[in-house]
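Colleague: I have a new chain to learn from. Can we go through it in questions and answers?

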Amino acid sequence: MIWENLTVDEFNEATLKSKGVVLVPIGCLEKHGNHMPIGTDIIIARYVSIKASEQEDVMVFPFIPFGIVGEVKHKKGTISLTSNLIYHMLEELCDELARNGFNKIIFVDGHGGNSNFLKYFMQSRLEKYH
């Protein structure tokens, strides 16, 4: 079940079928040598998410192309947003996913640089009731 491919009626049915589980592919846009696409991390996270949805009834959210890449922001093709902005974007995204009926939000991370940030983000979500 791929979020952006569904009609509103299909979406309502998919929300129930998924039992509130949504996969959120997240990567980054950065140089991966001269031989690989700038969006390699996104491509991997999206592919893994779609493959998982073929085996389990889960919703797949459109990918998030922004990750923690401050150390390579000087490289062409890299998009580096502040961690503060990404944090708030993910916080509001989770609130919107919950509003749409998803209470099990799984980030499928394709970029190693996001690992510690996502752990911190998830831990900080426990600071208030959701």
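Modeller: Let us begin with a definition: buried means under 20% relative accessible area, exposed means over 50%, and partly exposed lies in between. Keep in mind that this is a predicted model.

Colleague: Take Thr40 as a start. Is Thr40 buried or exposed?

Modeller: Thr40 sits in helix α2. Its relative accessible area is 8%. The cut-off for buried is under 20%. Therefore Thr40 is buried.

Colleague: How far apart are the C-alpha atoms of Thr40 and His88?

Modeller: Along the chain, Thr40 and His88 are 48 residues apart. In space, their C-alpha atoms are separated by 24 Å.

Colleague: Stay with helix α2. Which class does Val48 fall in: buried, partly exposed or exposed?

Modeller: Val48 belongs to helix α2, which covers residues 40-55. Partly exposed lies between the cut-offs of 20% and 50%. Val48 has 44% relative accessibility, so it counts as partly exposed.

Colleague: Which residues make the nonpolar surface patch with Val48?

Modeller: The patch has an area of about 300 Å². Val48 is one of its residues. Its partners there are Ile44 and Tyr47.

Colleague: Now charges. Which residue forms a salt bridge with Lys51?

Modeller: Lys51 is partly exposed, at 36% relative accessibility. Its partner is three residues away in helix α2, so about one helical turn separates the two. The N to O distance is 3.3 Å. The partner is Glu54.

Colleague: Is Glu54 buried or exposed?

Modeller: The cut-off for exposed is over 50%. Glu54 has a relative accessible area of 54%. Therefore Glu54 is exposed.

Colleague: How many salt bridges does a search of the whole structure find?

Modeller: The Lys51 and Glu54 pair is a salt bridge. Glu91 and Arg125 also meet in one, at 3.5 Å from N to O. For the whole structure, the search gives six.

Colleague: Look at Glu91 and Arg125. How many residues apart are they?

Modeller: Their salt bridge links distant parts of the chain. Glu91 is in helix α3, and Arg125 is in the segment after α4. They are 34 residues apart.

Colleague: Is Arg125 buried or exposed?

Modeller: Its partner Glu91 is buried, with a relative accessible area of 16%. Arg125 has 12% relative accessibility. The cut-off is under 20%, so Arg125 counts as buried.

Colleague: Arg125 forms a salt bridge with Asp95. How far apart are the closest N and O atoms?

Modeller: This pair also links distant parts of the chain, with Asp95 in helix α3 and Arg125 in the segment after α4. The two residues are 30 residues apart. Asp95 is partly exposed, with a relative accessible area of 36%. The closest N and O atoms are 3.0 Å apart.

Colleague: Which residues are joined into one network by salt bridges that share partners?

Modeller: Arg125 bridges to Glu91. Arg125 also bridges to Asp95. The network joins Glu91, Asp95, Arg125 and Lys128.

Colleague: On to helix α4. Why do its buried residues line one face?

Modeller: Helix α4 covers residues 115-124, and its buried residues are Phe117, Leu118, Phe121 and Ser124. They line one face because, seen down the axis, they fall within an arc of 130 degrees.

Colleague: Which exposed residues are on the face turned away from that side?

Modeller: The buried residues of α4 pack against β1, α3 and β3. The face turned away from them carries Asn116, Lys119 and Gln123.

Colleague: Which residues does Phe121 touch, leaving out those up to four places away in sequence?

Modeller: Phe121 is in helix α4. At 1% relative accessibility, Phe121 counts as buried. Its contacts are Tyr87, Leu90, Glu91, Cys94 and Phe107.

Colleague: Cys94 is a cysteine. Why is there no disulfide between Cys28 and Cys94?

Modeller: A disulfide is a covalent bond between the sulfur atoms of two cysteines. The cut-off is 2.5 Å between the sulfurs. Cys94 holds the closest cysteine sulfur to that of Cys28, and it is too far for a bond because the distance is 19 Å.

Colleague: Last one. How many disulfides does the count come to?

Modeller: Cys28 is buried, at 0% relative accessibility. Cys94 is buried too, at 9%. Their sulfurs are too far apart for a bond. The count comes to zero.

Definitions and conventions:
Residues are numbered from 1 along each chain as its sequence is written. This is a predicted model: local features need pLDDT of at least 70, side-chain atom pairs count only at pLDDT 80 or more; totals for chains, interfaces and linings use all residues. Side-chain values use heavy atoms; hydrogens and water are left out. Patches are made of residues with over 30% relative accessible area and no salt bridge: like charges are joined within 9 Å, nonpolar side chains (Val, Leu, Ile, Met, Phe, Trp, Tyr) within 5 Å. Accessible areas come from the Shrake-Rupley method with a 1.4 Å probe; for residues, only the protein chains shown count as cover. A salt bridge is a side-chain nitrogen of Lys or Arg within 4 Å of a carboxyl oxygen of Asp or Glu. Helices (H or I, at least four residues) and strands (E, at least two) are DSSP runs, numbered from the N terminus. Buried means under 20% relative accessible area, exposed over 50%, partly exposed in between (1.4 Å probe, protein chains only). The arc is that of the directions from the helix axis to the C-beta atoms. Contact means heavy atoms within 4.5 Å.
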